[in-house]
Amino acid sequence: MPRHSRLLILTAALAASVALPAHADSFFNRVASFPVASNLPSDIDQKTPTSSEIIKASEDGKTLVYSDSPLGAVGFIDISDAKAPKAGGIVKIEGEPTSVVFAGTKVLAGVNTSESKAKPSGNLTVIDAATRKIEATCDLGGQPDSVAVSKDGKFAAIAIENERDEDLNDGELPQLPAGFLKIVSLKDGAPDCATIKTVDMTGLSEIAPEDPEPEFVDFNDANEIAVTLQENNHIAIVDAETGKVTAHFSAGSVDLEGVDTKNDGALNFTGSMKGVAREPDAIKWLDNDRFVIANEGDYKGGSRSFTIFDKTGKVLYESGPSLEMKIAAAGHYPEKRNKKGVELEGAEVAKFGDTQYIFIASERASMIAVYKDTGAEPEFVQLLPSGIGPEGLVAIPSRNLLVTANETDLVEDGGVRSHVMVYEMGEGPAAYPMIVSNTAEDGKPIGWGALSGLAADPKEAGKLFAVSDSVYRSQPSIFTIDATKTPAVITGKLVVTRDGVPAQKLDIEGIASDGDDGFWLASEGDAAKLTANAIYKVNAKGEIKQEIPLPAELIGKDGRFGYEGITTIGEGDDLTLVMAVQREWADDPKGQVKLLAYKPKAKEWSGVRYPLEKTEKGWVGLSEITAHDGKLYIIERDNLIGTEAKLKSIQSVSLDAFKPAKLDGELPLVEKTLVRDLVPDLKAATNGYVVDKVEGFTIDANGDAYVVTDNDGVDDSSGETLFLRLGNIAAIN
């Protein structure tokens with residue numbers, strides 16, 4: 001690797017920070033989220049998987065078009081009102097749309113019609129944007145991927161990938177037939193099939209030169225086409241007029257220092273990787289001489305970075321792990337993807353006013369990074385929350401908009417649908433992230449995620465504590481949060497230990513201060529994971545000093561959905577721990593769950609029953625409990641997400657009426673009072689979809705109330721953590 005590239009990596013890593021530049025006065029904020037399932041016709045099962053992958057905008061910026069591979073369709077969205085997108089319908093296509101682009105009043109779609117990966121085929125389908133009718137097709141002789149149109153409207157370029165079969169020979173290259181590039185002339189947006197030129201790309205790369213796999217294409221103003229050959233780790237420049245390859249070079253490799261390399265249920269940014277191939281996906285011209293690539297690393301690479309080249313192959317900037325560190329500080333690091341990290345895949349470049357911006361999408365972290373193009377080292381601006389798996393991006397500078405297409409649809413697992421998200425640039429602060437971490441002593445961000453419980457320091461207002469759940473099974477942690485800052489800041493991380501090593505078999509879901517410097521923790525049981533419902537007393541060093549198992553009366557009656565919160569009432573000899581159980585256990589009537597009470601001094605157990613709300617879909621349970629000023633405050637929620645979510649609430653139970661009885665008799669049923677419906681808060685927080693896991697709630701020494709959501713450690717999740725400030729609890733009540 002060239003010495004200057006290593007220096008660029010080191011410089012970028014040292015500069016890594018999620019802090020916003022002091023002089024920046026304009027930011028992008030999400031203004032709308034559109035579930036693409038809303039485009040499904042009424043005669044199609046509404047639970048049919050659908051997706052938004054590549055997305056483009058019409059010339060007036062009021063209509064979006066996206067490729068929907070699983071549905072076999074091209075979808076349209078009306079964004080005349082950017083804050084209220086409307087379904088524009090779909091056009092069904094014979095085959096699998098892989099990419100779309102507007103060409104004047106036409107939409108061009110690359111469509112995969114392959115019988116198999118060994119026998120690839122496809123076409124370029126022409127759709128009239130006004131009538132939504134298919135007008136023509138051009139045979140492409142292979143499986144298309146990316147499609148682009150030149151700025152002057154004269155040409156379209158199509159990357160014919162003929163992708164490898166990852167199940168054949170462990171996915172090793174070569175796997176013929178080889179891919180190539182197609183160039184077709186356009187007239188009024190319509191392609192003239194007779195003019196199609198085939199650009200042979202064999203023999204260019206050092207890796208599998210006989211099997212090029214073009215991935216992404218983009219035009220500059222001089223009608224030069226930049227092409228990435230991802231698996232070949234190569235880049236080519238092609239003249240559109242002649243179809244000649246005018247330059248080509250390796251995308252190169254990087255040495256990574258200070259990255260997390262192990263899928264071990266812990267966040268440790270201490271590893272290193274040498275000679276990691278960039279393997280770029282998206283490529284976008286910055287001007288006629290420079291371009292930026294997003295280095296996904298789909299084959300054997302994964303540099304976790306984006307890189308700026310000039311068209312001679314000179315590296316002008318290499319981000320190294322700097323963006324990944326920013327993403328980790330925002331709680332979006334995908335620990336289960338440690339071989340390739342955040343996998344930067346999508347890219348967009350556009351000028352808003354006098355400033356050119358670079359947008360980089362992380363597929364696995366579900367974030368969009370925004371940078372200013374300075375002509376030298378890009379200037380970091382902000383991170384944007386996205387849906388799951390952002391693939392396509394399109395900027396609409398004329399309307400100050402950015403749009404992302406997020407391909408993952410988890411409908412078959414009862415999860416969130418694929419979404420298209422709209423962001424608007426304007427004055428004012430960035431709304432996201434709502435909580436970030438400080439830099440640790442080693443210069444790396446404090447790794448965090450999956451915040452499952454929240455507690456307040458009893459003495460210091462704005463000082464909170466959170467815990468992570470079993471997603472980080474090898475690193476159960478207590479986080480200190482400074483909520484006086486915006487965004488809130490995680491200032492410290494305390495690993496819970498047993499016998500001097502990180503404690504195993506914990507699923508910490510609740511935390512409460514012990515009134516001194518230690519904590520009470522509630523761990524949720526799961527027999528499949530050999531984890532028990534138990535209470536743990538830890539000291540200021542995080543050392544477990546006491547374990548309190550379930551009483552004999554409840555052994556064998558608990559289930560997968562156990563302790564979800566813990567709080568304290570009283571003090572000294574009268575101290576009582578109160579635990580919220582998430583769902584019904586074997587001895588509970590349907591629709592009722594337990595609030596368990598335990599007196600550590602007397603070692604006495606007791607409990608009450610709590611009545612759950614009823615919903616038409618999903619299940620309802622408890623997620624948190626905290627005591628304050630004569631009341632128990634409880635998070636009650638359904639397990640639904642997006643448009644399906646109906647119940648996310650704060651309820652209260654008066655301590656005067658909280659009279660727990662012994663467990664060997666009938667438990668009294670408490671009455672509850674609705675304190676706040678959180679669904680409007682969740683919708684308004686960042687204009688995203690309603691998340692399912694509202695899991696943390698606390699009230700600080702000043703009486704201010706806070707809510708935090710669990711992002712599941714970015715596993716089948718967008719990774720968004722919402723940190724809500726509800727104001728003083730007295731005003732809420």
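This passage walks through a predicted model of a single chain, from its overall build down to a few chosen residues.

Let's start with the big picture. The secondary structure adds up to four helices and 53 strands. The radius of gyration is 27 Å, close to the 27 Å that the globule rule gives for 733 residues, so the chain is as compact as a globular protein of that length. Laid along its principal axes, the C-alpha trace spans about 85 × 60 × 50 Å. Of the 733 residues, 60% are buried. Among contacts with a separation of 6 or more, 54% come from residues 24 or more positions apart. As for the outside, the chain exposes about 27,600 Å², and carbon and sulfur atoms supply 46% of that area.

Next comes the inside. In soluble globular proteins, nonpolar side chains tend to be buried together. Here, the largest nonpolar core has 104 residues, and the members that touch the most others are Phe28, Phe359 and Phe697. Take Phe359: leaving out residues up to four places away in sequence, its contacts include Phe28, Phe352, Ile368, Val370, Leu393 and Leu402. Gly346 and Glu348 are also among the residues that Phe359 touches. Apart from this core lies another, made of 19 residues, among them Trp520, Leu550, Leu575 and Leu663.

One of the helices, H2, covers residues 322–329 and is mostly tucked away, with eight of its eight residues buried. That list takes in Leu323, Met325 and Ile327, but also Glu324 and Lys326. After H2 comes Gly331, and its phi is positive, near 80 degrees.

Now for the cysteines. How many disulfides does a search of the whole structure find? It finds one. The partners are Cys138 and Cys193, with their sulfur atoms 1.9 Å apart. This bond ties together distant parts of the chain, since the two cysteines sit 55 residues apart. Cys138 belongs to strand E9 (residues 133–139), while Cys193 is in the loop between strand E13 (190–191) and strand E14 (197–200). The torsion about the S-S bond is about -75 degrees, so the disulfide is left-handed. The two ends also have their own surroundings: Cys138 has a relative accessibility of 1%, which is under the 20% cut-off, so Cys138 counts as buried. Cys193, at 35%, falls between 20% and 50%, so Cys193 is partly exposed.

Ser523 is worth a look too. This serine lies in strand E40, which runs over residues 519–523. Is Ser523 buried or exposed? Its relative accessible area is 1%, under the 20% cut-off, so Ser523 is buried. A polar atom of the Ser523 side chain lies 2.8 Å from the backbone nitrogen of Asp507. Setting aside neighbours within four places in sequence, Ser523 is in contact with Leu506, Asp507 and Ile508, as well as Thr531, Ala532, Asn533, Ala534, Tyr536 and Tyr563.

Last up is Lys314, found in the loop between strand E23 (306–310) and strand E24 (315–318). Not counting residues up to four places away in sequence, Lys314 touches Ile308 and Phe309. From Lys314 to Gln382 the distance is 27 Å, C-alpha to C-alpha, and the two are 68 residues apart in sequence.

Conventions:
Residues numbered from 1 in each chain as written. Predicted model: local features only at pLDDT ≥ 70, side-chain atom pairs only at ≥ 80, totals over all residues. Heavy atoms only, no water. Buried < 20%, exposed > 50% of the residue type's maximum accessible area, 1.4 Å probe, protein only. Polar contact = N/O pair within 3.5 Å; in protein donor to acceptor, adjacent residues only side chain to side chain. Contact = heavy atoms within 4.5 Å. Disulfide = S-S within 2.5 Å. Core = buried A, V, L, I, M, F, W, Y, C linked by side-chain atoms within 4.5 Å. Rg over C-alpha atoms; globule rule 2.2 N^0.38 Å. Areas by Shrake-Rupley, 256 points an atom, 1.4 Å probe, with all protein chains shown as cover.
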